[in-house]
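Colleague: I have a model open and would like to talk through how its interior is put together. Could you take me through it?

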Amino acid sequence: MNMRMSDLIVKKRNGGTLTGEEIGFMVEGYTNGRIPDYQMSAMMMAIYFQGMNEEETLSLTMAMRDSGEVLNLKAIDGIKVDKHSTGGVGDKTSLALAPMAAACGIPVAKMSGRGLGHTGGTIDKLESFSGFSTSIPAQKFIENVNRIGISIMGQTADLAPADKKLYALRDVTATVDNMSLIASSIMSKKLAAGADAIVLDVKTGSGAFMKEEEDSFALAREMVKIGNGAGKKCVAVVSDMDQPLGFAVGNALEVKEAIETLQGRGPADFLELCLTLGTQMLLLGKKAETEEEARKKLLAVIEDGSALRKLAEFVEAQGGDSAAVYDTSLLPKASLTKEIKADRDGFVGHIECEEVGICSLLLGGGRETKESSIDLSVGIMLQKKVGDSVLSGDTLAILYANDGKKLEAAAERLLRAYRITDEEPERRSLIKGVVS
Ligand code: URA
């Protein structure tokens, strides 16, 4: 019998379970352009509301992995370790962690994505280095890992192209924050990218797609299970995203903060997350035997400058201006700034983290439609974070923009994202747990 996409949409909308064959039909048809965006958008929304069971999620993952080529990284010596975050605000982790791990001898062969929903993406951030390209052929990707120990590529037409198309569609159709869609999106490209081991950073809190810890742990377990089932060593760290990570939110601003971290001047929370995830990478990649040894090695490559040099080598190898690694004034810069100020004394009790991400989008740092281009220079530098004491008139955050109207709208919204309280709030732990 001929399958019809409209029948599958009805089936899922009404709470039915899609078979592996139906999911394969839908993924193949969408990748090849036979199924249009509007039908796939409706299907994504149906999945968003009705969910998918474990079997459907696995079928979707495998169909997306097999929608293109699956890389064979056998030509690279050693245990190749990939890392992926479920997405956060100010989450510039890969920019610092990938060179740190590479400087410790881990071959880092990583596939990254662009901004998604209110969160930023590594590829957009890396494009802050003028000339930098992540559209590199697989052969060059492999060569670069062999030569300098690190390469990051975007999804080409060949690697998990179904996810590439769906990712861009979900970004602008309010269909990101669903467990099965996130798990299949991440794991399909991780499996297609061919690494031996995968470290997942699963975010939880008001700036994450999964706001509740319980859901984040469930997502972590689901992804680890898919990874292990496909023969990959896989570990997930569940980490806090109830406020932005570090101080910088926005593409070039985050690149600058990552560079400062590699210079030993990074924010404490951001450094701690890099050390925690890096420890898992070094253990999986057999470059350390204990957590203590791994942390020591990771701190040593910051101290001796080798992680920073690795970043410069990596930027250069992919066509970027590596001078910006040593002189961050060469990164894109916005023309306008505005400070938002506390209107009372107290403590920062809460920062509505997703709102901060949306403010960065409003300034031009993210996409409104699939075709939008983004402004790499705009964003926000937080000056106060949760738990800090403030006096009326203190600057809470500085916004960077190139458009006065956007700046005013974002400033108003950002001020509302801050809650000032009389009581000092309880500190949330950064690392919630590890699933392996
Ligand atoms: N990161 C991805 O690659 N996909 C998602 O769906 C969410 C975060």
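Modeller: What follows covers a buried lysine and then the nonpolar cores. This is a predicted model, in which local features need pLDDT of at least 70 and side-chain atom pairs count only at pLDDT 80 or more, while totals for chains, interfaces and linings use all residues. Residues are numbered from 1 along each chain as its sequence is written, and side-chain values use heavy atoms, with hydrogens and water left out.

Colleague: Where does Lys110 lie?

Modeller: Lys110 lies in strand S2, residues 108-111 (strands are DSSP runs of E of at least two residues, numbered from the N terminus).

Colleague: Which side chain of opposite charge is nearest to Lys110?

Modeller: That is Asp82, 4.2 Å away, and Lys110 has no salt bridge although it is buried. A salt bridge needs a side-chain nitrogen of Lys or Arg within 4 Å of a carboxyl oxygen of Asp or Glu, and buried means under 20% relative accessible area with a 1.4 Å probe, protein chains only.

Colleague: And what does the side chain of Lys110 reach?

Modeller: The side chain of Lys110 reaches the backbone oxygen of Lys83 at 2.6 Å.

Colleague: Switching topic, how many residues are in the largest nonpolar core?

Modeller: The largest nonpolar core has 79 residues, and Phe129, Ile380 and Leu399 are among those with the most contacts inside it. Such a core is a set of buried Ala, Val, Leu, Ile, Met, Phe, Trp, Tyr and Cys residues joined through side-chain atoms within 4.5 Å. Apart from it lies another core of 23 residues, including Ile182 and Phe209.

Key:
Buried < 20%, exposed > 50% of the residue type's maximum accessible area, 1.4 Å probe, protein only. Helix = DSSP H or I, 4+ residues; strand = E, 2+ residues; numbered from the N terminus. Lys, Arg positive; Asp, Glu negative; His and termini not counted. Polar contact = N/O pair within 3.5 Å; in protein donor to acceptor, adjacent residues only side chain to side chain.
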